[in-house]
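Colleague: I've got a model open and I'd like to learn how to read its empty spaces, ring contacts and strands. Can you walk me through it?

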Amino acid sequence: MTESSEVNIEAPPPGQPHNPYTEAVVLKRHNDIVRLLHKLDNNRCISSGEDGLVIIWDVKSGSVLHVLEGHTLPITCVLVLEKQTESLLLTAASDKHIRLWNTDTGMCVQVITEHDSSVKCLVQLSETGVFCSGGEKLCLWNNQGKLMYSYTREGQEADIHLMIKIKNERIITASDKDIVCYGIVTSTSEERGSVKEIRLIKYVPHNREPIRSLVSISESCFASGSLDGAIIIWSTQTMTPSRIFNSVQDYEGEDKLYPYSIQSLMVLEERFLFAATGCGFCGFDLHTNKIFIKKDNAHYSKVLHLEFVMEGLFLATCSEDCTLRLWGMPPNCDLPPESGQQWQMTDPTKPTVGDPIRSLTGKSSDELKMCSGQVFSPPLIGELLGHYGPIKMFMDYGKDGLFTCGGDGLIIVWKNAILQSLQRNEIVRNLFYSGEIS
């Protein structure tokens, strides 16, 4: 699992007959590295990056709906704030500001300037829109952007760079090698009435190297992934490690490149944990505590993000090597009848499998229990080439396409040419029958 051109990397099949992405649209609006993509809804995609811009795109047409300008330094995090009556977009940046935007008009409705340092992460805590921001401090805000509480962290030099919400109004933060649990509590006094505060619950310095990823698995546990390749499953009740996967003794590698580092974690069905490990990826079954998917050398360089795409038909991975790769069982493989209909290039309007585990292994989740100890290596279905810089992230919109962003400042929308042609023909047909064209 080393970053070297001498490693045997699987090549895509000739002609890539099962790759559904056969059309690419390049979107140029950013002028620096684009690091983040976020799904606003099924029709709109948000991009942000080093140029301080936040752009809302129309998924189907690729047109710019709004350019949100105001930040003066790189965007560090984005959060769609779901309220009971409306949705607002929160953006935070290295300029120490948080901005609230109306996503329908593109107007900035609030600028929060109380932070004394860069804001690294945001998380929503309740349906009412209360949210928390992390960086040098940990701050609690109401849905109007008013500061409710500011917690000063003592004895921790590194900023909070990752944060997730767990049960009972608690949050988990990561700063360098440390994981800390905080609780949101309500206190009452005659002077202030009922107010919310942030309290330290537990400080757990268990990691050998900096933490790169945090993900909630279920109400009872969450996972962290570190630079040394270790994946720790934590109990949300006791805040202690319950299991450790992928522990590597000599984890620094040649020239301290950390070839086993965890860049991304993903959870499926509260049971399967997928990790981007160095230049490859692996999957763990938390019911059996066994690894069931492993691909040591999926890319030439480190995998930065992984996610299921096309309604669960493929596992996609993007990398520093400027490529996005699709993994899964070819549609013409011998799957049992109960697997459902497969994606067919001749008719891309047909339903997809909808079972990610079967797509990768040819077996259902229940059948995997009978295969304890068997490790699957899904074949490469296709490869997307178009970026000339590392692909930082991607966002799936099913049959409407796949958005990728990268170090080249580009956003590329990958679509299926056959489906796009059918959709365009349908639009023209409707216009003809309505009399708008003759």
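**Spaces, rings and a strand**

Modeller: Sure. Keep in mind that this is a predicted model. Let's begin with the lining of the largest cavity, whose residues divide into four nonpolar, four polar and two charged.

Colleague: How do I find such a space, and which residues line the largest cavity?

Modeller: The general idea first: rolling a probe the size of a water molecule over the atoms shows where empty space is left. Here the count comes to two cavities of 30 Å³ or more. The largest cavity has a volume of about 60 Å³, and its lining is made of Asp285, Thr288, Lys290, Ile291, Phe292, Leu368, Cys371, Ser372, Gly373 and Gln374. Strand 25 (residues 290-295) gives the largest share of that lining, three residues.

Colleague: And what about the second largest cavity, how much space lies in it?

Modeller: About 40 Å³. Its lining has 11 residues, and Met310, Gly398, Lys399, Gly401 and Asn416 are the ones nearest the centre. By class, that lining divides into five nonpolar, three polar and three charged residues.

Colleague: Now the open kind. Which residues lie nearest the centre of the largest pocket?

Modeller: Leu36, His161, Leu162, Arg212 and Met393, out of 40 lining residues. The largest pocket holds about 1,800 Å³ of space. Several strands give two or more residues to its lining, among them strand 2 (34-41), strand 14 (162-166), strand 18 (211-216) and strand 30 (391-396). The largest share, six residues, comes from strand 22. Sorted by class, the pocket lining has 23 nonpolar, eight polar and nine charged residues.

Colleague: On to the rings. How many aromatic pairs are there?

Modeller: The count is 10 aromatic pairs. Take tyrosine 151 and tyrosine 182: their ring centres are 5.2 Å apart and their planes meet at 70 degrees, so this pair is edge-to-face. Tyrosine 151 belongs to strand 13 (residues 147-152) and tyrosine 182 to strand 16 (residues 178-189), so the pair ties together parts 31 residues apart in sequence. Both tyrosine 151 and tyrosine 182 are buried.

Colleague: Why is the pair of phenylalanine 272 and phenylalanine 292 called tilted?

Modeller: Look at the angle: the planes of phenylalanine 272 and phenylalanine 292 are at 55 degrees, with centres 5.2 Å apart, so the pair counts as tilted. Edge-to-face would need over 60 degrees. Phenylalanine 272 sits in strand 23 (residues 272-277) and phenylalanine 292 in strand 25, so parts 20 residues apart in sequence are tied together. Phenylalanine 272 is buried at a relative accessible area of 0%, and phenylalanine 292 is buried at 4%. Ring pairs also link Phe272, Phe274, Phe292 and Phe308 into a cluster. Phe292 turns up in the lining of the largest cavity as well.

Colleague: What sits over the ring of tyrosine 397?

Modeller: The charged end of lysine 39, 4.7 Å from the ring centre.

Colleague: Last one. Is strand 32 buried or exposed?

Modeller: The general idea is that in a regular strand the side chains alternate between the two faces of the sheet. In strand 32 (residues 411-415), five of the five residues are buried, so the strand is largely enclosed by the rest of the structure. Ile411, Val413 and Lys415 are buried on one side, Ile412 and Trp414 on the other.

Colleague: Which strands pair with strand 32?

Modeller: Strand 1 (residues 23-27) runs antiparallel to strand 32 and is joined to it by five bridges, with valine 25 partnering valine 413. Strand 31 (residues 402-406) is also antiparallel to strand 32, through four bridges, and threonine 404 partners isoleucine 412. The hairpin of strand 31 and strand 32 has four residues between the strands, and glycine 409 takes a positive phi near 80 degrees there.

Note on methods: Residues are numbered from 1 along each chain as its sequence is written. Side-chain values use heavy atoms; hydrogens and water are left out. On a 1 Å grid over the protein atoms alone, a cavity is a set of points where a 1.4 Å probe fits but cannot get out, and a pocket is an open set with protein on both sides within 12 Å along at least five of seven lines; lining residues have an atom within 4 Å of a point. Grid points are joined across faces, edges and corners, and a volume is the space filled by probe spheres set on the points. Ala, Val, Leu, Ile, Met, Phe, Trp, Tyr, Cys and Pro count as nonpolar, Asp, Glu, Lys and Arg as charged, and the others, Gly among them, as polar. Rings of Phe, Tyr and Trp (its six-membered ring) pair if their centres lie within 6.5 Å; planes under 30 degrees apart count as stacked, over 60 as edge-to-face and the rest as tilted. Buried means under 20% relative accessible area, exposed over 50%, partly exposed in between (1.4 Å probe, protein chains only). A charge sits over a ring if NZ of Lys or CZ of Arg is within 6 Å of the ring centre and within 35 degrees of the ring normal. Two strands pair if DSSP finds at least two bridges between them.
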